[in-house]
Amino acid sequence: MIKEKFDAIVVGAGMSGNAAAYTMASHGLNVLQLERGEYPGSKNVQGAIMYANMLEEIIPDFRDDAPLERHLVEQRLWVMDDTSHTGIHYRSDDFNEAKPNRYTIIRAQFDKWFSRKVREAGATVLCETTVTELVRDAKDKVVGVRTDRTGGEIFADVVVLAEGVCGLLGTRAGLREMPRPKSVALAVKEMHFLPEEVIEQRFGLKAGEGCVIEAVGTISRSMAGLGFLYTNRESISLGIGCLVSDFAASMESPYVVLDTLKNHPSIRPLIAGSEVKEYAAHLIPEGGYKAIPQLFGDGWVVVGDAAQLNNAVHREGSNLAMTSGRIAAEAIVQVKSRKRPMTKQNLALYKTMLNKSFVIKDLKKYKDMPDLLHTNSRNFFTTYPQLMSQAAQNFMRVDGTPKLDKEKATTTAFIKARSRWGLLSDMVRLTFAWR
Amino acid sequence: MHILVCIKQVPDSAQIRVHPVTNTIMRQGVPTIINPYDLFALEEALRLRDNYGGEVTVLTMGPPMAEDALRKALGYGADRAVLLTDRYFAGSDTLATSYALSQAIAKVGETFGTPDIVFTGKQTIDGDTAQVGPGIAKRLDLIQLTYVAKIPSVDLDAREIKVERRCEGGAQMLKSRLPCLITMLEGTNEIRRGSLEDALYAARSQVLRWSAADAGIDDLTRCGLRGSPTVVKRVFAPTARAEKAALIETPERNLRDLADELIAAILTRGPALEQELAFNGGE
């Protein structure tokens with residue numbers, strides 16, 4: 001049996017767990033972090049884009065040694081049908097700043113680096129150790145964990161659950177429900193390796209600059225989904241995620257959907273000649289504000305994906321994870337410094353602090369968006385993209401048809417597809433969901 | 001009892017790729033593991049310690065990153081880890097490696113007590129020579145017990161050990177004096193999963209880093225590339241044989257017919273053989 005009692009046990013070494021462990025350890029707490037993977041990052045999957053500000057809040061000088069791929073200077077948003085894409089591209093030299101705002105990263109490398117920082121801050125990190133159960137006292141307060149290693153229970157004042165999207169530990173313990181199929185997406189991605197110069201040529205980039213494409217449309221085969229392409233230093237992450245409930249209803253296979261995206265005429269030339277070295281899949285919380293579970297209790301808090309903190313509309317997840325991990329840690333440090341017990345009442349401070357941050361504010365803003373997009377997925381992910389493509393082609397193609405007739409044809413197509421009432425109601429609902 | 005286990009960090013052969021032109025192993029970006037054969041040695045050492053008391057020291061020679069392998073060994077339950085690392089060791093063949101390791105083992109002995117048993121794996125999966133273990137035994141004048149499958153007993157008072165050794169055509173049961181060097185056969189045990197306490201110990205202990213000087217090695221000409229007479233002249237992939245072995249069924253057959261059939265088959269493949277046989281036979 002381990003006699004030592006820790007100030008905090010962090011379950012999981014992803015973004016939120018590392019942020020929490022780092023913050024607590026650097027405030028002098030005795031922290032034990034448990035990770036089931038062979039090394040931190042071995043089980044973690046993300047696109048991945050990392051937002052600098054949220055990491056700066058934790059490790060201000062991360063740019064000195066963090067493994068960063070490219071800083072982003074261009075964002076392309078595409079609406080696709082089977083043969084075309086209509087896009088908005090935003091590129092700015094302003095993004096070539098001394099401290100760039102966003103980077104592409106490769107999680108296996110990034111998480112190893114982050115974990116090294118956690119250890120340097122003084123936390124004890126154990127890998128290949130799966131937490132199987134929470135240990136509670138007679139008053140039902142969480143007082144420690146049991147793992148899959150022999151040696152029994154291990155105790156701490158508070159347990160930070162940073163266990164990821166499935167959250168088996170917390171759901172088994174009855175702290176929250178298992179995420180529902182309609183509130184998680186399954187994303188699959190491939191890593192396409194290409195020489196650095198080829199990537200820079202294809203996307204018109206200088207060394208170190210990066211470009212991302214995010215796309216909706218017929219690529220998700222009427223499911224609520226999003227395709228993405230991120231440029232790394234010498235690879236391209238290409239993937240697509242759709243709601244699990246939609247996969248179940250449509251019986252589509254994730255790899256077929258990804259294959260279709262890869263073979264789309266707008267994507268194929270961008271990855272031509274590449275070597276695929278990695279295929280990964282992961283669940284993403286998509287339930288938004290309404291899916292956020294109870295975030296704290298007697299002796300525990302939950303952070304990151306396990307707390308469903310993910311902004312699907314803006315495709316932000318890791319920064320919400322890092323921020324929630326940091327804020328939970330700061331709350332714990334405060335409770336500890338006041339010499340108060342880690343009770344539900346005292347840990348409510350975490351929720352109060354989180355409410356004031358962008359995490360909850362952003363999710364609240366889009367609280368109706370998941371419902372709208374998920375229930376109307378056919379319209380938003382197939383009908384409108386097709387109509388938009390037709391309209392764009394109609395506008396661009398010069399064939400002697402009078403322009404008035406062309407515009408009339410476009411209008412008719414929209415009304416025919418969705419009716420005047422349908423168009424109006426989609427617009428109104430989208431506007432309200434966005435507000 | 002003090003048991004020392006030599007391990008090596010090797011590239012994970014399951015994930016390795018060979019350079020198509022030079023035929024050399026592409027190590028870059030390939031995950032590393034403890035040489036799988038060494039895990040049988042480590043587990044046997046841990047079992048002996050658990051049964052007879054004492055401590056287990058793991059030793060490796062390698063680049064600084066080999067510390068990961070040692071930390072893993074601590075996680076399985078080893079008590080102490082020594083990393084022999086120095087730029088003078090770069091490019092060592094088995095001769096130079098066994099020299100450096102035997103010097104380090106002597107130093108471990110001086111510092112923490114002479115090992116009663118030195119373990120190595122049967123061989124490594126990257127070099128496959130099976131020379132380093134015997135090389136150490138020779139230099140340290142240890143009794144050498146290779147291909148050991150089982151260790152039924154150790155008598156510390158009488159300084160005796162009994163081992164079961166796999167040999168051609170069977171097994172030998174040997175009794176030997178301590179100290180000795182044992183190379184452990186694969187498949188003879190299964191590496192344990194360290195307890196929570198072991199894992200904590202591994203995460204928090206220092207791995208000792210020894211340079212050539214720390215290990216008391218003063219003859220640097222016997223280390224690294226300079227001390228390695230082995231030269232790799234060429235590395236090549238064997239060409240696959242196009243012909244496959246033929247299987248002849250033999251249920252209830254006349255042996256004479258079978259023999260005739262076999263000879264006929266051989267002679268069709270090598271017609272030159274017929275003439276040669278006829279000539280030698282003189283008939």
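1. Contact between domains 2 and 3 of chain A. In this predicted model, 11 residues of domain 2 of chain A are in contact with eight residues of domain 3 of chain A. The domain 2 side of this contact divides into four nonpolar, five polar and two charged residues. The C-alpha centres of these two domains of chain A lie 25 Å apart.

2. Domain layout of chain A. Domain 2 covers residues 182-285 and domain 3 covers 369-434. Domain 1 of chain A is assembled from the segments 5-67, 105-177 and 293-365. Anyone selecting domain 1 of chain A should take the three segments together.

3. Contact between the chains. Here 10 residues of chain A are in contact with nine residues of chain B. Strand β7 (residues 124-126) of chain A gives the most to the chain A side, with three residues. That side of chain A divides into four nonpolar, five polar and one charged.

4. Overall form of chain B. Chain B has seven helices and 13 strands. Its radius of gyration is 24 Å, whereas the globule rule gives 19 Å for 283 residues, so chain B is more spread out than a compact globule. Along the principal axes, the C-alpha trace of chain B spans about 75 × 50 × 40 Å. Buried residues make up 36% of the 283 residues in chain B. Among contacts in chain B with a separation of 6 or more, 70% join residues 24 or more positions apart.

5. Domains of chain B. Domain 1 of chain B runs over residues 2-222, and domain 2 of chain B over 243-283. Taken over C-alpha atoms, the centres of these two domains are separated by 50 Å.

6. The nine-strand sheet of chain B. What is the strand order in the open sheet? It reads β11-β10-β9-β12-β8-β1-β6-β7-β13 (chain B), and the pairing is mixed. The edges are β11 (170-177) and β13 (208-210) of chain B; each has a single partner strand, so one side of each is left without a neighbour in the sheet. From one strand to the next, the twist averages 35°.

7. Pairing of β8 and β12. Strand β8 (residues 117-121) of chain B runs parallel to strand β12 (residues 180-184) of chain B, and five bridges join them. One pair to look at is B:T120, whose bridge partner in β12(B) is B:T183.

8. Helices on the sheet. Helix α2 (residues 67-76) of chain B packs on the sheet and touches β6 (55-61) and β7 (80-84) of chain B. The direction of helix α2 of chain B makes about 165° with that of β7(B). Helix α3 (residues 94-112) of chain B lies across β1 (2-6), β6, β7, β8 and β13 of chain B. Relative to β6(B), helix α3 of chain B runs at about 145°.

9. Strand β7 of chain B. Is β7(B) mostly covered or mostly open? It is mostly covered, with five of its five residues buried. Both faces are covered. On one side B:R80, B:V82 and B:L84 are buried. On the other side B:A81 and B:L83 are buried. Note that B:R80 is among the buried residues.

10. Pairing of β6 and β7. β6(B) and β7(B) run parallel and are joined by five bridges. Within this pairing, B:M61 has B:L84 as its bridge partner in β7(B). B:L84 is also one of the buried residues of β7(B).

Definitions and conventions
Residues numbered from 1 in each chain as written. Chains lettered and ligands numbered in written order. Predicted model: local features only at pLDDT ≥ 70, side-chain atom pairs only at ≥ 80, totals over all residues. Helix = DSSP H or I, 4+ residues; strand = E, 2+ residues; numbered from the N terminus. Rg over C-alpha atoms; globule rule 2.2 N^0.38 Å. Buried ≥ 20, exposed ≤ 12 C-beta atoms within 10 Å, placed from the backbone. Contact = placed C-beta atoms within 7 Å. Domains from an automatic or database assignment. Nonpolar A, V, L, I, M, F, W, Y, C, P; charged D, E, K, R; others polar. Pairing = 2+ DSSP bridges. Axes fitted to C-alpha atoms, helices over the stretch in contact; angles between N-to-C directions.
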